[in-house]
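Ready for a few exercises with a structure at your side? Take a look at the sequence and the model first, then work through the tasks below.

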Amino acid sequence: MTTSKLPARPSLESLRKQAKKLARGIAAGDPGAIDQARAHLPKAKLPLSQRDAQLVLAREYGFPGWQDLVKEVKQRLGRGLEWALSEARRCIHNNDIEGLRQLLAEYPALLSWRADENEGGLLGMATKSYGDSFDPSREQIFTRAACAELLIDAGAVVAPSVCDGLIASRTKGLLDLFHRRGLLPQSLRFFAALGDVNGVRACLDANGDDLAVVNRAFMCACHLQHATAAALLLDRSITLDAELGRQIDGGPGRSAFVQCIMAESETLAFTNADPAGPWQAFVMRQVVRAVNDVDLASFVGGLRREAWMLGDAYVKFQVGMIERAVLRDRAAFITALLDLDPALLRSPVPPRSQAIEFAFVYAKSHLLPMLLRIWRLPDDLPHAAGNGDLTRVKSWFDAAGKPALGDPANHFPANSAFARRDLQWGEPTVQQVLDTAFAWAVLNNHFEVADFLLGHGADINTNWSSHEPASILHELVYFHKNYEAMQFLIDRGIDMTIVDYRWGGTAQGWAYHAAKDEKMAQWLGEAQQRREQASR
């Protein structure tokens, strides 16, 4: 029996991935993987559990057990703070309270670690929400409250960004926890977010003459659905701004205005909206709602009535409206906005935007001609692949067929802060560029380009996804329901047992539980069964 040689500086994450790959291979009936398992665990029942797959891998490297392998890896790496941070992230993601407790005892520096002064450290990781968490069940799924409480008990530094994040994601349970522990700022905005009417009154009595501060607190109260506190704050805003009172009293009325702002709390999310006050927030919500509801007349009418939204101060919002229109495939709304001659068209330098990225990721590349009136199509491999430009794709490879990309940092996703954060891929590599290009080609049904990339180094089993590590098949199941593209991947051997980062679910599981499409889930299950039968 031969053993593999452990690298001089091994990676625990890489070893865990190897064990997962081994388990998936055995489950899929891969003869090589099965032989590997039998060589080290001849009596084990197949398929293997993750624990047994780790045991097989440990013995493959010449160690009696997984913990022995882990111990050796730690010794080689010196168990520095960087390793501890990686382990802490894993513990928080897995909600491993005991593992996190042990790490904090061994590495107390973790409690004060922050990547930069605006970053929330481990407490920020535990409290960060994957999405809006106003619903308690979503907060339980999207955050790690038990880890957060452990970190607080251990004395973790509470950065201002952590408290701000609780308001933004509407994590009421965590807000209450921080409030009980005396960790929230004693400011008007946080009293409003808590719905603490007495605290709001006390702040207004002590220092309630700053209109911007009062307006911001009003929006927080509405965001967290505290109507009484919101009404109290709105009255003060109107006292300080008579024009606001005339606009509201001559329109919906104060009570209806508060209810509308509360009901539309999430409408402006991801639109770069930065309203100057409550009235601006109200009309901006109406315009964005018109995009969501496919109400072109209200969209155009609202922009004409409140033409300030087309001005220089709101260029970012104009970009946000276009991005929202791309996501929802609203070509007519992009055309209508540009026909109104927004300041965006006169910007000497086009503002940063994800509009073109969205067009490729969400298979809306037919909108590109409108977007290219404003932004230039990036000249890199992923954009050429997503655009189906096989000639340009081939130009990124040398005569021997090897990638000739230059610095991978000049290609997507390395040059996108959003993508780097979501994919968790680390430093830019050529493989990341190849895999992203392949994914974009598949999503946009450019299968000739996708086949070329597969033949030139792209990994069909990449964990690329638009939000968090998963697989291209997961992406197609949830966002696209594109059977043709799914069949393309299945025909070319994609591993259908890959699980996503957050939920640990396969693409078939996503079809059942996320897309709620039993027909698709059955279709995927049958495809997996045919593959298993063919491999016997």
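The exercises below concern a predicted model, and each comes with a worked solution.

**Exercise 1. Check the length of helix H27 and decide whether H27 is enclosed or open.**

Step 1: H27 covers residues 430–443, which makes 14 residues. At 1.5 Å a residue the expected span is 20 Å, and the distance from first to last C-alpha is 20 Å, close to that value.

Step 2: Look at burial, where the cut-off is under 20% relative accessible area. Because 12 of the 14 residues of H27 are buried, the helix is largely enclosed by the rest of the structure. Among them are Leu434, Phe438 and Trp440.

Step 3: Find the cover. It includes helices H22 (355–361), H24 (381–386), H28 (447–454), H29 (472–480) and H30 (483–491).

Step 4: Look just past the end of H27, where asparagine 445 has a positive phi of about 60°.

**Exercise 2. Carry out the analysis for helix H18.**

Step 1: H18 runs over residues 278–292 and has 15 residues, so at 1.5 Å a residue it should span 21 Å; its end C-alpha atoms are 21 Å apart, in agreement.

Step 2: Of these 15 residues 12 are buried, so H18 is largely enclosed by the rest of the structure. The buried residues include Trp279, Phe282 and Met284, and also Arg285 and Asn292.

Step 3: Helices that cover the buried residues of H18 include H14 (211–223), H16 (242–249), H17 (254–263) and H20 (315–327).

Step 4: Just after H18, valine 294 adopts a positive phi of about 55°.

**Exercise 3. Which residues of the largest nonpolar core touch the most other members?**

Step 1: Recall that in soluble globular proteins, nonpolar side chains tend to be buried together.

Step 2: The largest core has 115 residues, and Phe299, Ile322 and Leu453 touch the most other members. Its largest share, 9 residues, comes from H27.

Step 3: Follow leucine 453. Beyond its neighbours within four places in sequence, leucine 453 contacts Leu381, Ala385, Val393, Phe397, Ala437, Phe438 and Ala458.

Step 4: Add the second, separate core, which has 60 residues, including Leu15 and Trp113.

**Exercise 4. Examine the salt bridges, and ask which parts of the chain the pair of glutamate 264 and arginine 289 ties together.**

Step 1: The structure has 18 salt bridges.

Step 2: Start within a helix. Glutamate 243 and arginine 246 meet at 2.9 Å, N to O. They are 3 residues apart in helix H16, and therefore about one helical turn apart. With a relative accessible area of 37%, glutamate 243 is partly exposed, while arginine 246, at 55%, is exposed.

Step 3: Turn to glutamate 264 and arginine 289, whose closest N and O atoms are 3.1 Å apart. Glutamate 264 sits in the loop between H17 and H18 and arginine 289 in H18, so the pair ties together parts 25 residues apart in sequence. Glutamate 264 is buried at 16%, whereas arginine 289 is partly exposed at 30%.

Step 4: Finish with arginine 502 and glutamate 468, at 2.7 Å between the closest N and O atoms. One lies in the loop between H30 and H31 (507–513) and the other in the loop between H28 and H29, so this pair links parts 34 residues apart in sequence. Both residues are buried.

Conventions
Residues numbered from 1 in each chain as written. Predicted model: local features only at pLDDT ≥ 70, side-chain atom pairs only at ≥ 80, totals over all residues. Heavy atoms only, no water. Helix = DSSP H or I, 4+ residues; strand = E, 2+ residues; numbered from the N terminus. Expected span 1.5 Å × (residues − 1). Buried < 20%, exposed > 50% of the residue type's maximum accessible area, 1.4 Å probe, protein only. Contact = heavy atoms within 4.5 Å. Core = buried A, V, L, I, M, F, W, Y, C linked by side-chain atoms within 4.5 Å. Salt bridge = Lys/Arg side-chain N within 4 Å of Asp/Glu carboxyl O.
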